[in-house]
Every structure is written in structure tokens, then in C-alpha cells.
Amino acid sequence: MKSLAAIMWSSTGNFEIEEVELDPPKEGEVLVRWEHAGLCHSDEHTRHGDLPVTPPIIGGHEGSGVVEEVGPGVTRVKPGDRFISSWMPQCNQCIYCLRGQHNMCVNGAYMMTSTMLDGTQRAHARGQGMGGVDLLGSFSQWNVIPEAGVVVVDESVPLDVVAILACGVPTGWGSAVNAADTRPGDVVVVFGAGGIGINAVQGAAFAGARMVVAVDPVEFKRDTALKLGATHAFATAEEAQDFVMAETWGHGAQSAIITISVGTTQIVTEAFNIIGKRGTVVLTSVSNPATQLSLPMLDTVLYEKRLVGSLFGTGSPHYTIPQLLKLYQDGHLRLDELITNRYPLEKVNEGYDDLIAGKNIRGVLDIAH
């Protein structure tokens, strides 16, 4: 069958809208109809080369839609199922899956390689085969994805809203709740109040933090953070540092979470300085692969400071997504307020330009068929 898709034809540059031909699903795969796709910053990183991909590749890894057809051996989902995508097609067999660390599954090696799990491809255009980002390619009307990429939801779920639950929301929320291990009474600082950071703010507030301090140069994002759980917001790390030290009698914060667009050594240093003894810096931001950190070793030892990385909020997609969906339905997690603008598939690049310009907390593609 044929489908319009937003394709990266080179390692950097804009997405191009083009018709692709799709093969039927093979063993363990399903054909899906994408209804909505979140404009997660990870796909923006592919436009600028911050995340290496193997082109050509269909963009998009956050999405929601309907299962159209299932391939041989598929037992967990059926045609007609409504779903949210899972960016990690967990195998449930590797040592990480057996430990419950599904975000670390060895299938992650296929995420940016432009093939399916068997090394072949289902989408074709210009005489070339291609895969999708995270084996999903949600910037497309239809696509073939692994069965493990489907998290089934019921009929009451608004697919146009919950598409953003596929990655950005749990990544931010889990950075605060899981990686930072926020406890009641903690002081938490979040550097970057965009699509991931705003959910770190929500997660820290829900976990009972006494103060949630958002740091972002964009006034619109600071205002949004204050509406969604932040107790204070500042434009610069210096302002936040002065405030936190004054409010904690010089002890510092329990945690600092880095969710800016591209991580830098400077922001890690600023986060390291704002935490106190036994404090934790959570590094969630993507950074250039060549970037190397240098931290004060003696302070790390004497104050027992910790620096931890966090992928997908240190959670398991097939557990975390339904859990957060329930929190949304119960009114504890705000999603509707995060969606700033909506775009048709053909305006995917405009959506990302707006993200870079600071106009969006979250943008969503409404995909026509």
C-alpha cells in the first residue's frame, strides 16, 4: 500500500514529504494507521545531526493510532486496537529486560539504523528501502512497526492528546520521579522547561517536592512551568543558584534535572553546583557525542554528589505509559495544557521551527489520510 511520509534523506536537513510503498507486516509486526504524532525534540535533533541516523529514514517516534493488520505470530494485539506507541521494541529476553530495565533492551541498537528487527525494510521510495525512527516512523499516514511498539488503550482515550505520552512526558516525569528519586520536602531544580522539562516539573510536584525551581530563558515556558507545578522560575542559572542557596541556608537542592535542548558542559557544572551533599544531577538532555565532562572529583567524594543519566525517565514503556495515562485520566497529570500548536503532516518542519523559536511546549501533527 502507499502512504505519505516525512522522510530524512540525508544525515541533516529538513524532512521531505513523499509517497512511500509499504510491504505487508512480517513475523511479529503490525500495520498501523497513525492518527497523531508528537513533535518530540529527539526528531528535531536528527535535522541538525545531534543524533546520528542512517538515512533515508521516516521521522517520528511519538504517536497514536489504530492497528490495521497483524503479521504472523502476533498474539498481543489485533486489528482495530487503538494504541500509543512505545519507542523501545523490548525483546523481553535480554538481561536488561529480565531485570525489568526495558528502556535498556538490546533492541535499542536498531533504533536509528533504518531497518526492522530482522535487518530488512518495509518502506520504499526512490528505489530505496528505509525504516523509521525507533522502528516506528510516526510521521506517516501508515507504517509497519514491531508488535512491541504498540501499547493498547481503550476507546475512551483521546488519541489526539495522548500521543505525547509516547516519549516526552514519561521521559521528563521519570527523570524527576525515578532517576532523581524525588521525595516529599525535596528541593528540585529543572534546567529547561520545554516538552521534557515541563513534565519533570509535574513529576517533581506530584512526588511532593517542597520547591520546584524551573530555569528557562523563555518567559512563556517559565510562565507555563509556574502553572503546572513549579513554585519558582528564573531565566538564568545564576538567579536560580542565588535563590536556592538563600532558601536552603546554603545547603543546596536535593536534585537538579537537565532537560535543555542540547546538553553542555556548562549546564552540567551549574547543576552540579546547585545541589548539596548527597545531591543528584540527572542528565536527560541529548548532547554532541564528542562532548566530554570535567567535574570536581574531591567535591564528588566528600559531598557524595551523584551524576546519573536517564533514558525514557529510567522507566519501562509498557508499564510507564499506562500508569501515566491513568494519572492523566484521574486529573493528576496535565496533558491538554502542554499542546501549544497543531500541524498537518506537510508542515512538520514548521512545527520544529516553532519549537526552536520557543513558541511550543509541545507540538502535535494531526495526520490526514
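This passage walks through a predicted model, from its sheets and a helix to a few single residues and a cavity. Residues are numbered from 1 along each chain as its sequence is written, and side-chain values use heavy atoms, with hydrogens and water left out. Because the model is predicted, local features need pLDDT of at least 70 and side-chain atom pairs count only at pLDDT 80 or more, while totals for chains, interfaces and linings use all residues.

A good place to start is the open sheet. Six strands are a natural first landmark here: the sheet of 6 strands runs in the order E13-E12-E11-E14-E15-E16, with parallel pairing. Strands (E, at least two residues) and helices (H or I, at least four residues) are DSSP runs numbered from the N terminus, and two strands pair if DSSP finds at least two bridges between them. Strand E13 (232-234) and strand E16 (306-309) stand at the edges with a single partner strand each, so one side of each has no neighbour in the sheet. From one strand to the next, the twist averages 20 degrees. Helix H4 (residues 168-179) packs on this sheet and touches E14, E15 and E16, where contact means heavy atoms within 4.5 Å. The direction of H4 makes about 145 degrees with that of E15; axes are lines fitted to C-alpha atoms, for helices over the stretch in contact, and angles run from 0 to 180 degrees between N-to-C directions.

Within the sheet, E11 pairs with strand E12 (residues 211-215) in the parallel sense over 5 bridges. Val 187 stands opposite Met 211 in E12, and Val 190 stands opposite Ala 214 in E12. In E12, 5 of the 5 residues are buried, so this strand is largely enclosed by the rest of the structure. Buried means under 20% relative accessible area, exposed means over 50%, and partly exposed lies in between (1.4 Å probe, protein chains only). Both faces of E12 are covered, with Met 211, Val 213 and Val 215 buried on one side and Val 212 and Ala 214 buried on the other.

Strand E15 also holds Gly 279, which is buried with a relative accessible area of 0%. Gly 279 touches Ala 253, Gln 254, Glu 304, Lys 305 and Arg 306, not counting residues up to four places away in sequence. Gly 279 and Trp 87 are 192 residues apart in sequence, and their C-alpha atoms are 30 Å apart in space.

Helix H8 (residues 265-274) comes next. Its buried residues are Ile 267, Val 268, Glu 270, Ala 271, Phe 272 and Ile 274. An α-helix has 3.6 residues a turn, so residues three or four places apart point the same way. The cover over the buried residues of H8 includes strand E11 (187-191), helix H7 (237-247), strand E14 (253-258), strand E15 (275-283) and helix H9 (297-302).

The model also contains a barrel. It is closed by 5 strands in the order E1-E2-E7-E8-E4, and the pairing is mixed. Strand E1 (residues 2-8) and E4 pair in the antiparallel sense over 2 bridges, and the bridge partner of Ile 7 in E4 is Ile 58.

Two loop residues can be followed from here. Pro 25 lies in the loop between strand E2 (16-22) and strand E3 (29-38) and is buried, with a relative accessible area of 9%. Leaving aside residues up to four places away in sequence, Pro 25 touches Val 30, Leu 31, Glu 69, Val 70, Gly 71, Pro 72 and Val 144. Pro 25 and Ile 145 are 120 residues apart in sequence but 7.8 Å apart in space, C-alpha to C-alpha. Thr 54, in turn, is found in the loop between helix H1 (41-48) and strand E4 (57-58) and is partly exposed, with a relative accessible area of 39%. Beyond residues up to four places away in sequence, Thr 54 touches Met 112, Thr 113 and Ser 114. Thr 54 and Ser 114 are 60 residues apart in sequence and 5.8 Å apart in space, C-alpha to C-alpha.Last comes the cavity. Counting those of 30 Å³ or more gives 1 cavity; on a 1 Å grid over the protein atoms alone, a cavity is a set of points where a 1.4 Å probe fits but cannot get out, and lining residues have an atom within 4 Å of a point. About 50 Å³ of space lies in the largest cavity, a volume being the space filled by probe spheres set on the points, which are joined across faces, edges and corners. E8 gives the most to its lining, with 3 residues.

Terms used. On a 1 Å grid over the protein atoms alone, a cavity is a set of points where a 1.4 Å probe fits but cannot get out, and a pocket is an open set with protein on both sides within 12 Å along at least five of seven lines; lining residues have an atom within 4 Å of a point.
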